[in-house]
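Trainee: Got a minute to walk me through this one? I'd like the fold and then some side-chain detail.

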Amino acid sequence: MSGETPEREIVFVVARADDGTIAKDGDVPWRIREDLQRFVAHTKGTPMIMGRKTFDSLPKLLPGRRHIVLTRDPKWSAEGAEVAHSVSEALEMAGPGDVSVIGGVDIFRLFEPHATRFELTEVHENTAGELVMDYPSEDWIEIARERRPADESWPAHSFVTFRRR
């Protein structure tokens, strides 16, 4: 069975600085055009699962994607959000097919046992943000890497794809 593609991909999509930062001052600290394009490419047409703070940080509902929000607050709701209170409920709500998990840190930890692929943008700087995430563990193997140089608008970065071992 080794080497078979799973019936369903549960894909982590995240940008992370070299120091682990994924958020600073409640927002993504970079506006890297290629990273935003990559985010759209990996999430468009899939249900996105996220935590409430990640949902609140979005500038608006993102077109072409469902917004499934995992929260412990039984009273929380927001227009355009489908609310789940457990990992299994969120996955059931997503239905069959691929799913994108977009954060935050606690959501990634909860979904780690279910994830099949990790799409990481490594931002090559120390951002010193308040929300940090560990680098993918030894349970993941790097299968692709594309390096991008810095320019006047954004830092050097790499697009990295991992698969579960």
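Mentor: We'll take the sheet, then a helix, then the cores.

Trainee: Ground rules before we start?

Mentor: This is a predicted model, where local features need pLDDT of at least 70, side-chain atom pairs count only at pLDDT 80 or more, and totals for chains, interfaces and linings use all residues. Residues are numbered from 1 along each chain as its sequence is written, and side-chain values use heavy atoms, with hydrogens and water left out.

Trainee: What's the strand order in the open sheet?

Mentor: E5-E4-E3-E6-E1-E7-E10-E9, eight strands with mixed pairing. Strands (E, at least two residues) and helices (H or I, at least four) are DSSP runs, numbered from the N terminus. Two strands pair if DSSP finds at least two bridges between them.

Trainee: Which are the edge strands?

Mentor: Strand E5 (81-84) and strand E9 (140-148), each pairing on one side only. Neighbouring strands of the sheet are turned by 25 degrees against each other on average, direction ignored. The axes there are lines fitted to C-alpha atoms, for helices over the stretch in contact, and angles run from 0 to 180 degrees between N-to-C directions.

Trainee: How many bridges join E1 to E7?

Mentor: Seven, and the two strands, residues 10-17 and 117-123, run parallel. Take Arg-16: its bridge partner in E7 is Glu-122.

Trainee: Switching to H1. Is Arg-38 buried or exposed?

Mentor: Arg-38 counts as buried because its relative accessibility is 14%. The cut-offs: buried is under 20% relative accessible area, exposed over 50%, partly exposed in between (1.4 Å probe, protein chains only). Arg-38 lies in helix H1, residues 33-43.

Trainee: What does the Arg-38 side chain make a polar contact with?

Mentor: The side chain of Glu-119, at 2.5 Å. The Arg-38 side chain also reaches the backbone oxygen of Leu-120 at 3.5 Å. A polar contact is a pair of N or O atoms within 3.5 Å; within protein, one must be able to donate a hydrogen and the other to accept it, and residues adjacent in sequence count only if both atoms are side-chain atoms.

Trainee: Which other side chain makes a polar contact with Glu-119?

Mentor: Thr-161, at 2.7 Å between the side chains. Thr-161 is found in strand E10 (residues 157-164). Thr-161 is buried, at a relative accessible area of 12%. Leaving aside neighbours within four places in sequence, its contacts (heavy atoms within 4.5 Å) include Arg-38, Glu-119 and Ile-143.

Trainee: Back to the helix. Which residues of H1 are buried?

Mentor: Asp-35, Arg-38 and Thr-43. Seen down the axis of H1, they fall within an arc of 115 degrees, so they line one face of the helix. That arc is taken from the directions from the helix axis to the C-beta atoms. The buried residues pack against E1, strand E3 (47-51), strand E6 (99-103), E7 and E10.

Trainee: And Leu-36, buried or partly exposed?

Mentor: Partly exposed, because its relative accessibility is 42%.

Trainee: Last topic. Which residues touch the most other members of the largest nonpolar core?

Mentor: Phe-12, Val-14, Ile-49, Val-101, Phe-111, Phe-118 and Met-133, in a core of 25 residues. A nonpolar core is a set of buried Ala, Val, Leu, Ile, Met, Phe, Trp, Tyr and Cys residues joined through side-chain atoms within 4.5 Å. A second, separate core of eleven residues includes Met-48, Met-50, Phe-55 and Trp-76.
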